[in-house]
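Hi,

Here is the structure I promised to pass on. Have a look at it first, and then read my notes below.

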Amino acid sequence: MMATMKKKPPPMPTLPDQTLLKRADVGGGFQLIRARNQTGWAVSLLVAGLLALGACEDSGSRSLESRTADNEAAEQPTLSTLQRQYESLKRQLARQVPSGAYIVVDTARNHLYIKRGKEVLLDAVASTGSGVILDKPDHPGSQWLFDTPRGEFAVQTRLTNPVWIKPDWAFLEEDQDIPSNPADRMESGVLGDYALGFGKGYFIHGTLYTRLLGKNVTHGCIRLADDDLRTTYKLAKNGTPVMIF
Amino acid sequence: MAGVVLCLVPTLLGAIQEQPPTLPIQDPQTLREVTRTLEEELKLASRPQPYLVLDLSQRVMLIKGRGVILRHFTVLDWKASRDATGPGVYKLRARPPVARPKIQPGQDSTEHPIEVHDMPMEYLLVFDRDLVIEVAPPLAERPWHWFKRKWLSHWIRVRSWVRADPAGEFLALPPRLSLIVPHEEAQALAWAVTEGMPLLIGRTDLP
């Protein structure tokens, strides 16, 4: 028969004011634990106040290095080992950069860039999503949100002389009835000479409203001026990455 | 003569191979921190999603995708609770809220768009793995907001001490990092971040 032994916990150091300072199990920060003794309460607050006044904070004027140094003192690879590891990681990271041309869209500045490596092949003024909302009339609680999607996409389709198939919201915006005949949705000559689709119905295309370039006015697509659209069409192939932020 | 040269070739090649590469970072501690950041970044860069990199030692926040810097934000100053600046990857829970205009049928959607200057310049970014980043412009740009923020910050701290749980422990605040950023960049950052966006805190090798 095995006797059950209860291991006695090691005594915790106590401060004169009976306030205990213990290192938290998760997060590594210090937590104050109130002593049951009511007389320690005021002193606890005083200690807490001192901590709040800066004892528990780092700031931009201090270095971060000292904090991590303690943990790693035991395992110190040589400088040359570290340098080789660094070089190897840099090479691996460089391999993540798209090998050919890629498109970057800055929706805050309304600019579209085409880059190859660090070289900028095109810097074009664009128009991106307006961010406004329109309620769907026959779906209560459901809405259209006219935002340009953020993230990484790829060019999926390359069209010449594209025809716009007007969605429902385009008719609602013009206060028109939504047509039942699909042919009534076709509108040519409004998207410019080219359109590059990057998924979910979003395109990079031209515009008749060139005065609005540089502004957030679209329903989510990315509009370009004619010359910039032509260059984009030439440089971007199917599969060209499109990074939007 | 040719024999001597031939004998020296392997020795010379060996010496070239053993020579460590000449790098701008010669301090082992810095190199270790940079290497650790690179290891984490490599994982993020292999995914088709932009990510944030915060380097407090260089005072910079970057938006990157596939290892490419997409946008650079200057951090003028920072302050952190002791456990908030450790290296690691965090995940943004939500974008800062913004009031989106609603248009009615027959109304032009281009009339009142949301633009970057409609974004807040003072906000909290709440991350999974318990990290809160407070972004604000410098005192000189918004003095009243600066005092309000300071007061609010102290009030939250005092409340956490006073409202102890039944076991007698004070409510622990999540690790908190305050970044002072020029107001245009604070707004651009609020615009650029997306829900679920990863944040890597660590030292970079930016020159």
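**Salt bridges, spaces and a surface patch**

Counting over all chains gives 14 salt bridges. Keep in mind that this is a predicted model, and everything below was computed from it. As you know, side chains of opposite charge can pair when their charged atoms come close. I'll go through a few of the pairs, then the empty spaces, then a patch on the surface.

Let me start with a pair that crosses between chains: Glu152(A) and Arg66(B) form a salt bridge, with 3.0 Å between the closest N and O atoms. On the chain A side, Glu152(A) sits in strand 9 (residues 151-154), while Arg66(B) belongs to the loop between strand 2 (60-65) and strand 3 (68-74) of chain B. Is Arg66(B) buried or exposed? Arg66(B) has a relative accessibility of 17%, so it counts as buried, the cut-off being under 20%.

Next, within chain A, Glu187(A) pairs with Lys166(A), their closest N and O atoms being 3.3 Å apart. Glu187(A) is in strand 12 (residues 186-188) and Lys166(A) is in the loop between strand 11 and helix 4, so this salt bridge ties together parts of chain A that are 21 residues apart in sequence. The two partners differ in cover: Lys166(A) is buried at 6% relative accessibility, whereas Glu187(A) is partly exposed at 29%. There is a third member here too, as Lys166(A), Glu174(A) and Glu187(A) are linked in a network of salt bridges.

Then there is a pair within a helix. Asp227(A) and Arg230(A) meet in a salt bridge at 3.1 Å, N to O. Both are in helix 5 (residues 226-235) of chain A, and because they are three residues apart there, about one helical turn separates them. Asp227(A) is exposed, at 53% relative accessibility, and Arg230(A) is partly exposed, at 32%.

Now for the spaces. The second largest pocket holds about 920 Å³. It is lined by 37 residues, and the closest to its centre are Trp164(A), Trp169(A), Leu191(A), His219(A) and Arg223(A). Which elements give two or more residues to that lining? They are strand 8 (143-145), strand 11 (163-165), helix 4 (168-173) and strand 14 (202-205), all of chain A. Sorted by class, the lining of this pocket has 20 nonpolar, nine polar and eight charged residues.

As for cavities, the whole structure has two of 30 Å³ or more. The largest cavity has a volume of about 50 Å³. Its lining includes Gly131(A), Asp147(A) and Arg150(A) from chain A, and Arg95(B), Met119(B) and Trp191(B) from chain B. The classes in that lining are four nonpolar, one polar and four charged.

The second largest cavity comes to about 30 Å³. Among the residues lining it are Thr107(A), Thr128(A), Asp147(A), Arg150(A), Asn216(A) and Trp191(B). Here the split is one nonpolar, five polar and two charged. Asp147(A), Arg150(A) and Trp191(B) appear in the linings of both cavities.

Last, the surface of chain B. Trp151(B), Leu152(B), Trp155(B), Ile156(B), Val158(B) and Leu173(B) make up a nonpolar patch with about 600 Å² of accessible area together. One of these residues, Ile156(B), is in helix 3 (residues 143-162) of chain B. Ile156(B) is partly exposed, with 33% relative accessible area.

Cheers

Notes
Residues are numbered from 1 along each chain as its sequence is written. Chains are lettered from A and ligands numbered from 1 in the order in which they are written. This is a predicted model: local features need pLDDT of at least 70, side-chain atom pairs count only at pLDDT 80 or more; totals for chains, interfaces and linings use all residues. Side-chain values use heavy atoms; hydrogens and water are left out. Patches are made of residues with over 30% relative accessible area and no salt bridge: like charges are joined within 9 Å, nonpolar side chains (Val, Leu, Ile, Met, Phe, Trp, Tyr) within 5 Å. Accessible areas come from the Shrake-Rupley method with a 1.4 Å probe; for residues, only the protein chains shown count as cover. A salt bridge is a side-chain nitrogen of Lys or Arg within 4 Å of a carboxyl oxygen of Asp or Glu. Helices (H or I, at least four residues) and strands (E, at least two) are DSSP runs, numbered from the N terminus. Buried means under 20% relative accessible area, exposed over 50%, partly exposed in between (1.4 Å probe, protein chains only). On a 1 Å grid over the protein atoms alone, a cavity is a set of points where a 1.4 Å probe fits but cannot get out, and a pocket is an open set with protein on both sides within 12 Å along at least five of seven lines; lining residues have an atom within 4 Å of a point. Grid points are joined across faces, edges and corners, and a volume is the space filled by probe spheres set on the points. Ala, Val, Leu, Ile, Met, Phe, Trp, Tyr, Cys and Pro count as nonpolar, Asp, Glu, Lys and Arg as charged, and the others, Gly among them, as polar.
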